[in-house]
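Look at the structure shown below. The report that follows covers burial, fold, overall size, surface and confidence.

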Protein chains: 2
Amino acid sequence: MIATTPEPPYYAVIFTSLRSEVDAGYAEMAERMLALAAEQPGFLGVESAREGVGITVSYWRDPEAIRAWKANLEHREAQRLGHHQWYRHFRVRVARVEREYGI
Amino acid sequence: MIATTPEPPYYAVIFTSLRSEVDAGYAEMAERMLALAAEQPGFLGVESAREGVGITVSYWRDPEAIRAWKANLEHREAQRLGHHQWYRHFRVRVARVEREYGI
């Protein structure tokens, strides 16, 4: 549940969201997108929690891997539905991880 | 609950954790650290959720602001207790936010 990532540098996409009241298909799509992301070239790991606000941080080898994932056709349809149905607000932040430590 | 942050670049500290079974003082300290962080120079905002894994992302103006916060004496004591009591595992990732978008 905590991602195992390589030595920095690598990239993080921090996706923060507040859900709408529309549930139709959301849980299935969220699960499908996690599985699909994990198959993409350059995917390094993901961490996700929702407690009111939802935070999903996915880790990627480089900006090209993030761009390719954003452009994935099935992901684009999920983004479209997310924008119009499932999310009241969201922010996407793309960040370069410079250092990492922990236990 | 979604942080309002300025135009990039700025920095993110992604703190991901798994709690131990020790609760003593944890909730109070977590709340105190959020309030104390918000008083620090260069603090831009914070987002936090726990659902099994805990993810707290704090946003900062620059690496100097992050270094000063890490060295804050009251925060150092919280880090020490976190390391020894409250967290089974944690990762801290320091990242430079390069772009941001959303609704």
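## Burial and contacts

What percentage of the 103 residues in chain A is made up of buried residues? In this predicted model, buried residues account for 47% of the 103 residues in chain A. A residue counts as buried when its relative accessible area is under 20%.

Contacts in chain A can also be sorted by separation along the sequence. Of the contacts between residues at least 6 apart in sequence, 77% join residues at least 24 apart.

## Fold

Chain A contains three helices and four strands. Their order along the sequence is β-α-β-β-α-α-β. The pattern therefore begins with a strand and also ends with a strand, as strands are written β and helices α.

## Overall size

The C-alpha trace of chain A spans about 40 × 30 × 20 Å along its principal axes. Why does the radius of gyration of chain A agree with that of a compact globule? A compact globule of 103 residues would have a radius of gyration near 13 Å, and chain A has 14 Å, so the two agree.

## Surface and charge

About 5,400 Å² of chain A is exposed, and carbon and sulfur atoms supply 54% of this area.

Chain A carries 13 positive and 14 negative side chains. The centre of the positive set lies 8 Å from the centre of the negative set.

## Confidence

The mean pLDDT of chain A is 97. A pLDDT of 70 or more is reached by 100% of its residues. For the complex, the predictor gives an ipTM of 0.96 and a pTM of 0.97.

Definitions and conventions: Residues numbered from 1 in each chain as written. Chains lettered and ligands numbered in written order. Predicted model: local features only at pLDDT ≥ 70, side-chain atom pairs only at ≥ 80, totals over all residues. Heavy atoms only, no water. Helix = DSSP H or I, 4+ residues; strand = E, 2+ residues; numbered from the N terminus. Rg over C-alpha atoms; globule rule 2.2 N^0.38 Å. Buried < 20%, exposed > 50% of the residue type's maximum accessible area, 1.4 Å probe, protein only. Contact = heavy atoms within 4.5 Å. Areas by Shrake-Rupley, 256 points an atom, 1.4 Å probe, with all protein chains shown as cover. Lys, Arg positive; Asp, Glu negative; His and termini not counted. Charge placed at Lys NZ, Arg CZ, Asp CG, Glu CD. pLDDT = per-residue confidence, 0-100.
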